[in-house]
Amino acid sequence: MDTSRAGRQLRLIAEVLAASAGCGAPVWLRGGWAMDFFLGAVTRDHRDIDWFAWVDDAERLGAELAGRGYRPVAGLPPEQQVDLVKDGEDLSFNLLRRDASGRVVVGGGPWAGSPWPQDLLEPHTGRIGDLLCPIIAPRAQIEIKRMMPVWVPGSPRRPKDAEDIARLEAALAPDRTPGLS
């Protein structure tokens, strides 16, 4: 494992949390880093840092991060996801909104209005060392990793996703209580 890169990414996670608090725009860690924060340890190398944020907070959060040296990069439609880079690390903020019935849905782009798992934003806090971070619900993380190839045809089933699902399911087993939840 590249411990130097993991340390750099953990520093950026802490910086995003500080920016989020500074501008009043909540964020939730998702993807592999959310899994690691749930498990309480870095389990593998991470290619990027994935987040969720509200559509209505995207401009304010983006300005706060720009002031801290984050630069925008091309990616998905900006109404769906904001992609940034700092210190050679990629960060993505997938944007959320609520529909008329209050469900959390995709905030924009070609899948705007598509619902995310119902328990996505149930309160969960993960920890690695002294760093606490809001994370998406572990069961929602499993559903997303399982369903992404179905929801987005052509999205591959990746070995790391199967490994992540196995780690999460083992941690959620009734006889084990990981992290802080």
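# Strand pairing, salt bridges and cysteines

In strand 5, L96 is the bridge partner of W54. The model described here is predicted. The points below cover strand 2 and its neighbours, a loop that follows strand 5, the salt bridges, and the cysteines.

**Strand 2 and its neighbours**

- Strand 2 spans residues 49–54, and 6 of its 6 residues are buried, so the strand counts as mostly covered.
- In a regular strand the side chains alternate between the two faces of the sheet.
- On one side of strand 2 lie I49, W51 and A53, and on the other lie D50, F52 and W54; both faces are covered, with all of these residues buried.
- Strand 1 (residues 27–30) runs antiparallel to strand 2, and 4 bridges join the two.
- D50 in strand 2 is the bridge partner of R30.
- Strand 5 runs parallel to strand 2, and 6 bridges join this pair.

**The loop after strand 5**

- D99 sits in the loop between strand 5 (89–98) and strand 6 (104–106).
- With a relative accessibility of 17%, D99 counts as buried, because the cut-off for buried is under 20%.
- The side chains of D99 and R103 make a polar contact at 2.6 Å.

**Salt bridges**

- The structure has a count of 15 salt bridges.
- One of them joins the side chains of D57 and R60, with an N to O distance of 2.6 Å.
- Within this pair, D57 counts as buried at 10% relative accessibility, whereas R60 counts as partly exposed at 37%.
- Another salt bridge links R146 and E169, whose closest N and O atoms are 2.4 Å apart.
- R146 lies in helix 4 (residues 138–151) and E169 in helix 5 (residues 159–172), so this salt bridge ties together parts that are 23 residues apart in sequence.
- Both partners are partly exposed: E169 has a relative accessibility of 38%, and R146 has a relative accessible area of 39%.
- D164 and R167 also meet through their side chains in a salt bridge, at 3.2 Å from N to O.
- These two residues, D164 and R167, both belong to helix 5 and are 3 residues apart, about one turn of the helix.
- D164 is buried at 0% relative accessibility, while R167 is partly exposed with a relative accessible area of 28%.
- D164 and R167 are part of one network, in which salt bridges that share partners join them with R44, K145, R158 and D161.

**Cysteines**

- How many disulfides does a search of the whole structure find? The search finds 0 disulfides.
- C23 is in no disulfide, and the nearest cysteine sulfur, that of C133, is 15 Å away.
- Why is C133 not bonded to C23? The sulfur of C133 is 15 Å from that of C23, the closest cysteine sulfur, and this is too far for a bond, because a disulfide needs the two sulfur atoms within 2.5 Å.
- Are these cysteines buried or exposed? C23 counts as buried at 14% relative accessibility, and C133 is buried with a relative accessible area of 0%.

Note on methods:
Residues are numbered from 1 along each chain as its sequence is written. This is a predicted model: local features need pLDDT of at least 70, side-chain atom pairs count only at pLDDT 80 or more; totals for chains, interfaces and linings use all residues. Side-chain values use heavy atoms; hydrogens and water are left out. A salt bridge is a side-chain nitrogen of Lys or Arg within 4 Å of a carboxyl oxygen of Asp or Glu. Buried means under 20% relative accessible area, exposed over 50%, partly exposed in between (1.4 Å probe, protein chains only). Helices (H or I, at least four residues) and strands (E, at least two) are DSSP runs, numbered from the N terminus. A polar contact is a pair of N or O atoms within 3.5 Å; within protein, one must be able to donate a hydrogen and the other to accept it, and residues adjacent in sequence count only if both atoms are side-chain atoms. Two strands pair if DSSP finds at least two bridges between them.
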